[in-house]
Each structure stands twice: as C-alpha cells, then as structure tokens.
Amino acid sequence: MRAFLILQGWGNFRPPGHWQYELAAALRERGERVVYPQLPDAQQPDLSAWREAAAAALGEASEGEARVTVVAHSLSAMLWLGARPDDAGAGSPVERVLLAAPPSPAYLRENPEVAAFAALDPSRPAAKTRIVASDADPCNPEGAHAVFAGPLGIPLTTIPGGGHLTPASGYGTWPSVLDWCLDPAATIVPR
C-alpha cells in the first residue's frame with residue numbers, strides 16, 4: 001500500500017489552483033490515499049506546531065504500513081530538511097521525498113514570521129529525496145544547489161525562471177509532478 005503526504009508552505013492555505021491542491025485532487029481521483037493537512041497558522045507559523053502537525057500527518061499517511069511519498073513545498077521543505085519528521089531510522093515509512101522550492105536560511109532570517117525555521121540544521125533525509133527549484137526563486141536567491149543540493153548531496157531539478165513555483169509564477173497544475181508521484185522514474189519538467 002502507498003500513500004502521499006503533501007505539506008504546504010508559509011502563507012499557503014491550500015487554495016484551488018495551487019499545484020499542490022491540484023496534485024492532491026488528481027491523486028485522489030486515481031484512488032490514491034492522500035493526506036494534505038492545513039498546517040497550523042500558515043501566516044505566522046510556529047516551528048514546534050508545524051513539526052508536530054507534520055509528524056501527526058505522517059502517522060496518518062503511514063497507517064496500515066503504507067509506504068509514503070512526501071511532497072513538501074517552500075517552508076515545509078525546510079521543515080522536512082531540518083526538523084526531520086521522518087527521523088525514525090530504519091523503520092521510517094517514508095519511501096520518497098520531493099522538496100519543492102526550499103527557502104534559504106538567509107531569506108528566512110529576514111522575515112520575522114518564519115525566522116525560527118532558519119535555525120533548523122538541514123540534513124539529508126533518510127528516504128530517497130529530490131529537490132526541484134527555480135533558478136530565479138526570490139525565497140532562495142543563493143540558489144538551491146548552493147544552499148541544499150550541493151552540500152547535502154541531494155539530486156536537483158532546476159526549473160528555469162520558475163520563481164517560487166507558485167500559481168503566481170505559472171504553477172497551477174503541474175503534470176510532471178503527478179507523473180513522478182505515480183512513477184519514480186518519471187522526470188520532473190517545467191510546467
């Protein structure tokens with residue numbers, strides 16, 4: 001059995017039209033098990049509350065010994081890298097992780113609402129992980145390769161000119177992420 005855990009970013013109230021919302025709907029239409037919680041207080045996120053909510057959502061997704069694919073965007077990608085909700089060692093139910101547009105610690109420190117997340121010490125997740133990020137992300141001006149992919153040894157897919165990979169930058173429905181969820185060998189490409 002498999003399941004999908006989708007975690008949103010800062011200020012994201014899971015609106016229709018966002019690629020994560022559309023991904024959850026498309027997976028459910030195919031009969032897949034999807035856990036897509038609204039993380040607490042998306043405008044003023046609390047690190048402890050988000051960590052607890054992500055861990056609870058992972059527990060829900062992995063019920064019945066399901067193997068879980070995690071799709072985390074923005075602040076949740078940083079949460080996943082630093083707070084390690086899947087840090088259960090060899091018994092982790094997480095099979096694969098897609099981290100989309102993780103913000104840099106420098107960017108987080110500049111924003112008081114999310115500055116606490118900058119203190120997280122990113123480490124390579126135990127599960128097979130891929131980062132997908134734009135080369136023009138205002139939330140990571142240093143670049144995902146320099147901040148995360150290179151130092152942590154995580155494969156990176158670069159989306160040219162994709163901004164922060166939100167609807168404002170053209171990322172509503174994103175078919176190749178759906179393809180990747182259903183087939184680990186699929187390639188993620190720009191929308």
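Before I show anything, one definition: a residue is called buried when its relative accessible area is under 20%, exposed when it is over 50%, and partly exposed in between, using a 1.4 Å probe and protein chains only. What I am presenting is a predicted model, in which local features need pLDDT of at least 70 and side-chain atom pairs count only at pLDDT 80 or more, while totals for chains, interfaces and linings use all residues. Residues are numbered from 1 along each chain as its sequence is written, and side-chain values use heavy atoms, with hydrogens and water left out.

Let me start with helix 3, and here helices (H or I, at least four residues) and strands (E, at least two) are DSSP runs numbered from the N terminus. Helix 3 spans residues 75-83 and is mostly covered, with 9 of its 9 residues buried; among them are Met78, Trp80 and Leu81. What covers those buried residues includes strand 1, helix 2 (47-61), strand 3 (67-73), strand 4 (94-100), helix 4 (105-109) and helix 5 (144-152), where contact means heavy atoms within 4.5 Å. Just after helix 3, Arg84 takes a positive phi of about 50°.

That brings me to backbone angles, since most residues other than glycine have a negative phi. Arg14, which is not a glycine, has a positive phi of about 55°, and Arg14 sits in the loop between strand 1 (2-7) and helix 1 (19-29), where its relative accessibility of 26% makes it partly exposed. Leu165 also has a positive phi of about 55° without being a glycine; it belongs to the loop between strand 6 and helix 6, and Leu165 is buried because its relative accessible area is 0%.

Turning to the helices on either side of those loops, the axes of helix 1 and helix 6 come within 10 Å and cross at roughly 45°, the axes being lines fitted to C-alpha atoms, for helices over the stretch in contact, with angles running from 0 to 180 degrees between N-to-C directions. Helix 1 is therefore oblique to helix 6, given that angles under 35 degrees count as roughly parallel, over 145 as roughly antiparallel, 65 to 115 as roughly perpendicular and the rest as oblique. On the helix 1 side the contact is made by Trp19, Leu23, Ala26 and Leu27, and on the helix 6 side by Val177, Leu178, Cys181 and Leu182.

Trp19 also takes part in ring pairing, and the structure holds 3 aromatic pairs, counted when rings of Phe, Tyr and Trp (its six-membered ring) have centres within 6.5 Å, with planes under 30 degrees apart called stacked, over 60 edge-to-face and the rest tilted. The rings of Trp19 and Trp174 have centres 5.1 Å apart and planes at 85°, so this pair is edge-to-face. The pair links distant parts of the chain, 155 residues apart, with Trp19 in helix 1 and Trp174 in the loop between strand 6 and helix 6. Both tryptophans, Trp19 and Trp174, are buried, and ring pairs join Trp19, Tyr171 and Trp174 into a cluster.

I will finish with Ser169, in the loop between strand 6 (156-159) and helix 6 (175-182), which is partly exposed because its relative accessibility is 26%. Leaving out residues up to four places away in sequence, Ser169 touches Gly162, Gly163 and His164.
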